[in-house]
Amino acid sequence: MTADPMTISRELSGSGSSTAVLEAYSESVMNTFGAPKRVFVRGEACHLWDADGRRYLDLLSGLAVNALGHAHPTVLSAVTGQIATLGHVSNFFATPGQVALAERLTSMTGADEARVFFTNSGTEANEAAFKITRMTGRSKIISTEGAFHGRSLGALALTHNEKYRIPFEPLPGEVIFVPFGDADALASAVDQSVAAVVLEPIQGENGVVVPPEGYLVKAREICDQHDALLWMDEVQTGIGRCGSWLVHVDQGIAADIVTVAKGLGNGFPVGACIATGPASRALGPGSHGSTFGGNPVAAIAGLAVIAVIERDGLLDHAKALGGHLTAAIQGLDHRLITGTRGRGLLQAVLLAEPIAPAVVDAALAAGFVINAPRPDVLRLAPPLIISVAELDSFIDALPSLIDNVAKESM
Ligand SMILES: Cc1ncc(COP(=O)(O)O)c(C=O)c1O
């Protein structure tokens with residue numbers, strides 16, 4: 001094979017090669033994700049193209065990642081400009097972009113004192129947070145039923161799904177799971193032995209589950225009563241996805257630790273563990289590290305994403321389109337749609353029957369990328385730049401997609 005990257009890229013994006021790539025996939029890539037449903041070779045704004053030249057409307061954004069859609073010109077020029085100037089130096093040294101991004105992220109918390117540890121993913125951001133909780137001298141952590149925090153051993157210990165967890169036990173920490181959204185259960189579980197309570201403001205992987213109004217305020221109060229840290233995992237919900245930089249801050253809550261990733265780099269791997277107050281001083285030299293975390297290219301990607309979200313008013317746009325989506329889906333008045341839930345552009349369509357995976361396949365065949373976090377839940381997490389017309393094209397198609405699947409399953 002040639003070593004010329006442009007030739008490699010042209011060969012890989014050549015049409016008619018889906019079957020060959022999928023055949024080679026199973027021989028060369030570990031089977032942790034199941035068989036891929038498509039081979040994508042190109043993206044532009046809210047659209048993707050597969051290796052056979054078919055176009056799709058991307059309503060998933062690579063799992064809530066591509067906030068600005070694909071190949072966004074500002075991110076593209078920021079990333080390529082930075083890698084042409086300075087790509088990587090290690091964390092023995094500082095770079096201006098890293099500090100600028102840290103300042104942008106800490107200001108989102110609203111805290112007077114806050115500091116960032118940069119990572120390459122949400123899981124790693126949670127690992128850094130986990131270490132901060134250990135610095136309290138306590139080791140018990142309260143997590144919630146349905147929680148997802150990642151797949152490394154530390155993050156997995158906090159993830160509720162037993163199918164993911166049990167094969168890898170023993171896992172670190174003494175982790176207690178309480179029902180999500182139940183403030184009384186949380187109050188009963190937290191005492192002076194608890195280092196931290198870790199919560200997603202909305203459980204994305206569990207099917208976009210929104211807790212009752214006031215739950216996060218109660219969680220803050222409970223943590224304060226017992227000197228426990230409140231750790232908000234905003235890996236999926238943060239950086240504009242739900243119409244605010246951070247959902248918990250939008251709800252008037254201050255956290256001790258906040259983790260973000262996904263939408264921050266628009267596809268460039270970048271995550272951050274942001275700690276406030278004393279927690280921001282908990283880790284010292286030698287207590288944690290990362291070769292790539294916060295490198296200049298990752299930092300400029302994050303800065304570019306934040307700048308575009310701000311410049312183009314995408315927080316308000318996400319809120320408005322989330323409202324439009326909810327109203328339009330409810331307006332379908334479809335017998336198999338029982339409701340919607342979510343915030344901004346992280347939304348779930350709830351189905352009366354467990355046909356969501358088949359609807360996802362039907363949607364893909366019709367040119368729409370969505371997913372099914374639960375058998376009766378469709379998740380939509382489109383790019384924040386999506387237009388009303390693009391969203392409507394999916395909403396118009398949804399009833400017949402569901403009807404056809406329901407007919408086949410009868
Ligand atoms: C709330 C939450 N935390 C952590 C993670 C793990 O992030 P990553 O896949 O970037 O490691 C995810 C991923 O879905 C997530 O939704």
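Biologist: Which helix gives the most to the shell around the ligand?

Modeller: Helix 6 (residues 122-134), with three residues. Helices here are DSSP runs of H or I, at least four residues, and strands are E runs of at least two, numbered from the N terminus. Mind that this is a predicted model, where local features need pLDDT of at least 70, side-chain atom pairs count only at pLDDT 80 or more, and totals for chains, interfaces and linings use all residues. Residues are numbered from 1 along each chain as its sequence is written, and side-chain values use heavy atoms, with hydrogens and water left out.

Biologist: What makes the Asp233 pair with the ligand a polar contact?

Modeller: A polar contact is a pair of N or O atoms within 3.5 Å. A polar side-chain atom of Asp233 sits 2.7 Å from a ligand nitrogen atom, so the pair qualifies. In the side chain of Gln236, an N or O atom is 2.8 Å from an oxygen atom of the ligand.

Biologist: Why is strand 8 called mostly covered?

Modeller: Buried means under 20% relative accessible area, exposed over 50%, partly exposed in between (1.4 Å probe, protein chains only). In strand 8 (residues 229-233), five of its five residues are buried, so the label fits. Leu229, Trp231 and Asp233 are on one side, Leu230 and Met232 on the other.

Biologist: How do you know that strand 8 and strand 9 pair?

Modeller: DSSP must find at least two bridges between two strands. Strand 8 and strand 9 (residues 257-260) have three, in the parallel sense, so they pair. Met232 has Val258 as its bridge partner in strand 9.

Conventions
Polar contact = N/O pair within 3.5 Å; in protein donor to acceptor, adjacent residues only side chain to side chain.
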